[in-house]
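This report goes through a single protein chain for a reader who has not met it before. Please look over the sequence and the model first.

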Amino acid sequence: MANQILPYISVEGIAEYSSKISALAKNKKIFIICDQNTLQCVKYLQSNIKELSEAPIFKVGLGEENKTLIVSQKIWDFLLKNNATRSDLIVNVGGGMITDLGGFVASVYKRGISYLNIPTSLLGMIDASIGGKTGINYHHYKNQIGTFSNPKLVICDPHLLNSLPKKELLSGFAEALKHGLVFNEKYWQLCTSKPINQLPISEIITDSIKIKSHIVSIDPYEKKERKLLNLGHTIGHSLESLLLEKKTPTLHGFAVANGIVMESFIASEIKLLSRACFKIIKSSIYKIYQPISIDKNDIPLLLEFMKKDKKNSSKEINFTLIERIGKGKIDVNLSEGIVQEKLEKFISIG
């Protein structure tokens, strides 16, 4: 990572953070990347922050299918056309797809142009915009091309969640559940104590940021501890890819939530996690998320996607699993045959 120091992360209202953006934008040309849904957030920001008021805007199409090299090229063309230099600033306004894509575009344009993230989704606030990972998808394989590059600033304004559809809120909430499962049992208990609309959302944002920032500060390049954050993602990313292939895409968090359940089942099957803990996890998650329906005919393609996962370093498939609620275990390598057997059993028992 060009700069291992984590960016300043602000969880506050626009009156407090507008001065931080103004200072960062001083004497720079500003370029905004957003999507159709977050354009209204951009207008809100432009009406309140002078430095953003006349910034050119690149609007990305909706959905994960736009996190591609083709769209990246279009943004680079936009930056070149507007004479963007390395000393200028990109402002990413959107959910995890926008902060992943915009961060990647910024990190390689002229070998790196500064950027800041203003996530507008819970997923972006507590996960995607923090930690310096950027990336795009390639041939339906998730985040296969990317960089480690920290933004200069991350603004998490809970006000921007007010108009967020419930399904988008739930998508981000899966990452909060993950943080509790791998690192903090009390946080898991808070997250599962009430329906999401009754939880203190600012506290959820702040606590998840603390957990992820702590882990990333220890291991910025994902050599050891940061792998804890991969819980649910080996199978979750493969579910996303499978459903993209079928042209029935799902939101990232819904795939990760289902991935957590399936991976917890595998952990219980190999005697890493108790059956009682697995039942608690499965029950808690399925109270919030609809199970994704797959059958045995889907397993070969799921395995193909898993084998292409960037975390793998051998012929086996690399997992982060949990030993108990609040304690994750990294680098659990399982053979393709074992994974297939456990997935078939999971499907058969429902």
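How many bridges join strand β6 to strand β7, and do these strands run parallel or antiparallel? Strand β6, residues 133–138, and strand β7, residues 141–148, are joined by 5 bridges and run antiparallel. The model in which they appear is a predicted one. Within the pair, K133 has F148 of β7 opposite it. The two strands make up a hairpin, and 2 residues lie between them. One residue in the turn, H139, has a positive phi of about 50°.

The hairpin belongs to a chain whose secondary structure comes to 13 helices and 10 strands. Overall values for the chain are set out below.

| Property of the chain | Value |
|---|---|
| Span of the C-alpha trace along the principal axes | about 60 × 40 × 35 Å |
| Exposed area | about 15100 Å² |
| Distance between the mean positions of positive and negative charges | 2 Å |

How does the radius of gyration relate to that of a compact globule? A compact globule of 350 residues would have a radius of gyration near 20 Å, and the chain has 20 Å, so the two agree.

Burial and contacts add to this picture. Of the 350 residues, 55% count as buried. Among contacts with a separation of 6 or more, 75% are between residues 24 or more positions apart.

On the outside, carbon and sulfur atoms supply 51% of the area that the chain exposes. The charges number 45 positive and 34 negative.

How values were computed. Residues numbered from 1 in each chain as written. Predicted model: local features only at pLDDT ≥ 70, side-chain atom pairs only at ≥ 80, totals over all residues. Heavy atoms only, no water. Helix = DSSP H or I, 4+ residues; strand = E, 2+ residues; numbered from the N terminus. Rg over C-alpha atoms; globule rule 2.2 N^0.38 Å. Buried < 20%, exposed > 50% of the residue type's maximum accessible area, 1.4 Å probe, protein only. Contact = heavy atoms within 4.5 Å. Areas by Shrake-Rupley, 256 points an atom, 1.4 Å probe, with all protein chains shown as cover. Lys, Arg positive; Asp, Glu negative; His and termini not counted. Charge placed at Lys NZ, Arg CZ, Asp CG, Glu CD. Pairing = 2+ DSSP bridges.
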